[in-house]
Amino acid sequence: MPDALLIALYAFAGAAATGLAGAGVLRLIRRRSLTASLAVVAAVGVVAMLAGTLAVARAMFLSPHDLTVVTTVVAMAAVVSLATALLLGRWVVARSRELTVAARSFGDGGDFTAPDGPVTAELDELSRELAATSARLAESRERERASEASRRELVAWISHDLRTPLAGLRAMSEALEDGVAADPVRYLKQIRTEVERLDGMVGDLFELSRIHAGTLPLAPARVSLYDLVGDALAGAEPLAREHGVRLAGDRVEPVPVEVDGKEMSRVLDNLLVNAVRRTPAGGTVAVAAVRSPEGMVLSVTDGCGGIPEDDLPRVFDTGWRGSHARTPPAGAGLGLAIVRGIVEAHRGRATVRNVPGGCRFEVTLPASAQPDPLPAQA
């Protein structure tokens, strides 16, 4: 056998035995500090070289002096390697502990701030991921706080709006029961009105609960947007006449959409009722439906005078009614929240913006829900 091959076999045998032993030690200390693992890795490299050298030296019958020299050189290399591994391990462990302390801060509800000083590429990547996670958690906490505040406002307003009609119903029923009602027929009509109002509030709450639970049943069908708007205008006409408001729906394209007709009619009804109630007498509520690059945009423009810019992001929040809408007939502040929930269930978007003299609510339905145009119906 050639000498070179023999030397390679002896060196490989000695190094392999050391490597297997090192792997066993690493397995035993796998739950210990990174410093210990780095020290074992450094020791395995040096001892593997020493074992291979000794195996080759004995096979080649080197003199004791030469073997001592080789052993001494390898031993010095082992000392330097172990010292370097220990220093590197302590540095990495120190950086890891700093990262742990920083991560604990945002786990307790604070924000993550990456520790100062140089770190390895892996720890730097971990810091960036923790910073991104901290930002997402902060956004989630903010949404949770806003949602909790909205729920508290909703409970307070619902309690107020329920207490008022219930007190009136009790008073009128007691008057009828005692026979002291001056006009029983009028009392009965008023009781019916209050009951219908309570029924509407309960219906809104039920609808909103289904939206939040993601269980709102939809039955999309190809319907004419022209017909939906026409039906909604006809339904809002008595209320508009009572408030002295004119309804306009001239800019409605006869385009079909794939929507749940019943739920989309509710969206239009809520938007129109909201617009009519906030438009002063003599004003106009205009409905339009036009194409856009994003899809079909259905808009309702009122003459409310505009919404404060700070309140615009909250318009569709559950329970929001604005500073001027604290009393009936403003309702429980659920109508616009229901509008957003139904529109988003159709993969659309509901927005609001101020325009001269009022504000415009826009519902954008996705382009995928638009087949070929249908002819307008008279």
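Here are four short exercises with worked solutions on the structure above.

This is a predicted model, where local features need pLDDT of at least 70, side-chain atom pairs count only at pLDDT 80 or more, and totals for chains, interfaces and linings use all residues. Residues are numbered from 1 along each chain as its sequence is written, and side-chain values use heavy atoms, with hydrogens and water left out.

**Exercise 1. Work out the strand order of the open sheet of 5 strands, and find its edge strands.**

Start with the vocabulary: strands (E, at least two residues) and helices (H or I, at least four) are DSSP runs, numbered from the N terminus. Two strands pair if DSSP finds at least two bridges between them.

- Step 1. Reading across the sheet gives β2-β4-β5-β7-β6, and the pairing is mixed.
- Step 2. β2 (246-252) and β6 (349-355) each pair on one side only, which makes them the edge strands.
- Step 3. For the twist, neighbouring strands are turned by 20° against each other on average, direction ignored. Axes here are lines fitted to C-alpha atoms, for helices over the stretch in contact, and angles run from 0 to 180 degrees between N-to-C directions.
- Step 4. Now add a helix: α7 (residues 261-278) packs on this sheet, touching β2, β4 (284-292), β5 and β7. Contact means heavy atoms within 4.5 Å. The direction of α7 makes about 170° with that of β7.

**Exercise 2. Trace how β5 pairs with β4 and with β7.**

- Step 1. On one side, β4 and β5 are antiparallel over 7 bridges, and a hairpin of 2 residues connects them. Val287 has Val300 in β5 as its bridge partner.
- Step 2. With β7 (residues 358-366), strand β5 (residues 295-301) again runs antiparallel, joined by 7 bridges. Gly295 is partnered by Pro366, while Val297 stands opposite Thr364.
- Step 3. Check the cover: 7 of the 7 residues of β5 are buried. Buried means under 20% relative accessible area, exposed over 50%, and partly exposed in between (1.4 Å probe, protein chains only).

**Exercise 3. List the buried residues of helix α8 and find what they pack against.**

- Step 1. In α8 (residues 335-345), the buried residues are Leu336, Ala337, Ile338, Val339, Gly341, Ile342 and Val343.
- Step 2. Their packing partners are α5 (184-213), α7, β6 and β7.
- Step 3. Look just past the helix, where Arg347 has a positive phi of about 65°.

**Exercise 4. Describe the salt bridges of Glu237, Glu294 and Glu362.**

A salt bridge is a side-chain nitrogen of Lys or Arg within 4 Å of a carboxyl oxygen of Asp or Glu. The structure holds 8 of them.

- Step 1. Glu237 pairs with Arg241, with the closest N and O atoms 3.5 Å apart. Both sit in helix α6 (residues 225-243), 4 residues apart, about one turn of the helix. Glu237 is partly exposed at 32% relative accessibility, and Arg241 is exposed at 55%.
- Step 2. Glu294 meets Arg349 at a closest N and O distance of 2.7 Å. Glu294 lies in the loop between β4 and β5 and Arg349 in β6, so this pair ties together parts 55 residues apart in sequence. Glu294, at 48%, counts as partly exposed, and Arg349, at 40%, counts as partly exposed.
- Step 3. Glu362 bridges to Arg353, the closest N and O atoms being 3.1 Å apart. Glu362 is buried at 18%, whereas Arg353 is partly exposed at 39%.
- Step 4. Finish with a network: salt bridges link Glu207, Arg210 and Arg266.
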